[in-house]
Protein chains: 2
Amino acid sequence: MPTFDAADLSTADAYALLTSLVVPRPIAWVGTRSREGVDNLAPHSYFTVVSSDPPIVVFVSVGTKDTLSNVRDTGVFTISVVSRPQLVAMNATAARVPPDVDEFDHADLARAAATTIEAPLVAGAPASLECDVHDVREVGDGTMVFGAVRHVTVADRVWRDGAVDMGRLEPVGRLAASQYAPLGEIIALDRPTTEYGG
Amino acid sequence: MPTFDAADLSTADAYALLTSLVVPRPIAWVGTRSREGVDNLAPHSYFTVVSSDPPIVVFVSVGTKDTLSNVRDTGVFTISVVSRPQLVAMNATAARVPPDVDEFDHADLARAAATTIEAPLVAGAPASLECDVHDVREVGDGTMVFGAVRHVTVADRVWRDGAVDMGRLEPVGRLAASQYAPLGEIIALDRPTTEYGG
């Protein structure tokens, strides 16, 4: 049975193992604008919810990228949800391009303006979050960017009976390396109850 | 188009929206042992990687649960990966049971001992991480538990050619409410290259 002591793992091997075991990961397609007014868009799959009251999400930037510079400079960012039809365009925005290159233009993606902040969104995204930077914190070789969610938009086509319809949202999960997967069969389980009344 | 200002959302509505848009989420099946020696096992889907050097992961506990008490008391925890055959058993361990009830017994799950720490693992899991608590930090109504990964075990059946085989790992993602999904078709995309050499 393959076993690994973390102390013996190279950074690359630790990355490969963790990204293949912490799966499937949701993708934050993060939209920012530089001080010079150049729009940036990049996917981040170290991404989760932290709090509901107040609503806070976090994504992790590894290395100093344009996204991180922009959130530090402007204090705001958007997150567009990635659905299956956008997978290839999303991958294109993972390219490393100079900070003066507009990533919407580079990936030939239509942008929309956020409602409450000065940052771009993906126009065709099924949903988006508009965030104020709540905190930026370095942990190991990652930089955690916490976002206080100000505003949420959901496209009509994925909203049914007062909730997000998962089959229409068609989210994509990130796996190891550059592997992705849409959802398989959606399985609804009852929340467990016990003789303890829990 | 449904739009929501965070300030107007109830905690329950914010939870429902965020858990239906940050999807699919990986599941940390967290194993801990209380000071009294009672084993606990519970799923947490606010879970991601933070750093590769050193390897650090984080999960978020909402509310004060046995898991959180135990990690604070003992400074260690395990994460077992949840694969498709274990989905129903995993859901059973989401039940609220008193701290003196052993959750492996409650869910009729075989346990294994971790290699490097005093905490239980799921014996049938395809892979596991053994962690020292790196930090515990409250953010909003969530408590983030950072784990410095000490040891990683991968079952022979999911290890092929020096890497985790995603088709054999059969990970399950968490969606909104009590919805889950295995992976659909696995799609490998080339990492993008550009004329900028990135």
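Which residue stands opposite Arg174(B) in β14(B)? Tyr180(B) does, and you will meet this pair again in the second view below.

**Before you look.** This is a predicted model, in which local features need pLDDT of at least 70 and side-chain atom pairs count only at pLDDT 80 or more, while totals for chains, interfaces and linings use all residues. Residues are numbered from 1 along each chain as its sequence is written, chains are lettered from A and ligands numbered from 1 in the order in which they are written, and side-chain values use heavy atoms, with hydrogens and water left out.

**View 1. Confidence in the model.** Chain A has an average pLDDT (the predictor's confidence in each residue, from 0 to 100) of 95, and 98% of its residues score at least 70. For the complex, the predictor gives an ipTM of 0.97 and a pTM of 0.96.

**View 2. A sheet that takes one strand from chain A and two from chain B.** Here the order is β15(A)-β14(B)-β13(B), in an open sheet with antiparallel pairing. Strands are DSSP runs (E, at least two residues), numbered from the N terminus, and two of them pair if DSSP finds at least two bridges between them. β15 (187–188) of chain A and β13 (172–174) of chain B stand at the edges with a single partner strand each, so one side of each has no neighbour in the sheet. Across the chains, β15(A) pairs with β14 (residues 179–182) of chain B over 2 bridges: Ala188(A) has Gln179(B) as its bridge partner, and Ile187(A) stands opposite Tyr180(B). Within chain B, 3 bridges join β13(B) to β14(B), and here Arg174(B) stands opposite Tyr180(B). These two strands form a hairpin with 4 residues between them; in the turn, Ala177(B) has a positive phi of about 45°.

**View 3. The sheet with order β13(A)-β14(A)-β15(B).** This open sheet of 3 strands also has antiparallel pairing. β13 (172–174) of chain A and β15 (187–188) of chain B are its edges, each with a single partner strand, so one side of each is left without a neighbour. Between β13(A) and β14 (residues 179–182) of chain A there are 3 bridges, and Val172(A) stands opposite Pro182(A).

**View 4. Where chain A meets chain B.** Counting contact as heavy atoms within 4.5 Å, 94 residues of chain A touch 94 residues of chain B. The two chains bury about 8,200 Å² between them, 70% of it on carbon and sulfur atoms; buried area is the accessible area (1.4 Å probe) that two parts lose on being put together, summed over both. Leu18(A), Leu21(A) and Leu189(A) supply 8% of the area that chain A buries against chain B, more than any other three residues. Strand β10 (residues 142–154) of chain A gives the most to this side of chain A, with 9 residues. β10(A) also pairs with β1 (residues 3–5) of chain B, antiparallel and over 3 bridges, where Thr153(A) has Thr3(B) as its bridge partner.

**View 5. A salt bridge within chain A.** A salt bridge is a side-chain nitrogen of Lys or Arg within 4 Å of a carboxyl oxygen of Asp or Glu. The structure holds 19 over all chains, with 0 across the interface of chain A and chain B. In this view Glu118(A) bridges to Arg33(A), the closest N and O atoms being 3.4 Å apart. Glu118(A) lies in the loop between β7 (111–113) and β8 (120–122) and Arg33(A) in β2 (residues 28–33), so the pair ties together parts of chain A that are 85 residues apart in sequence.
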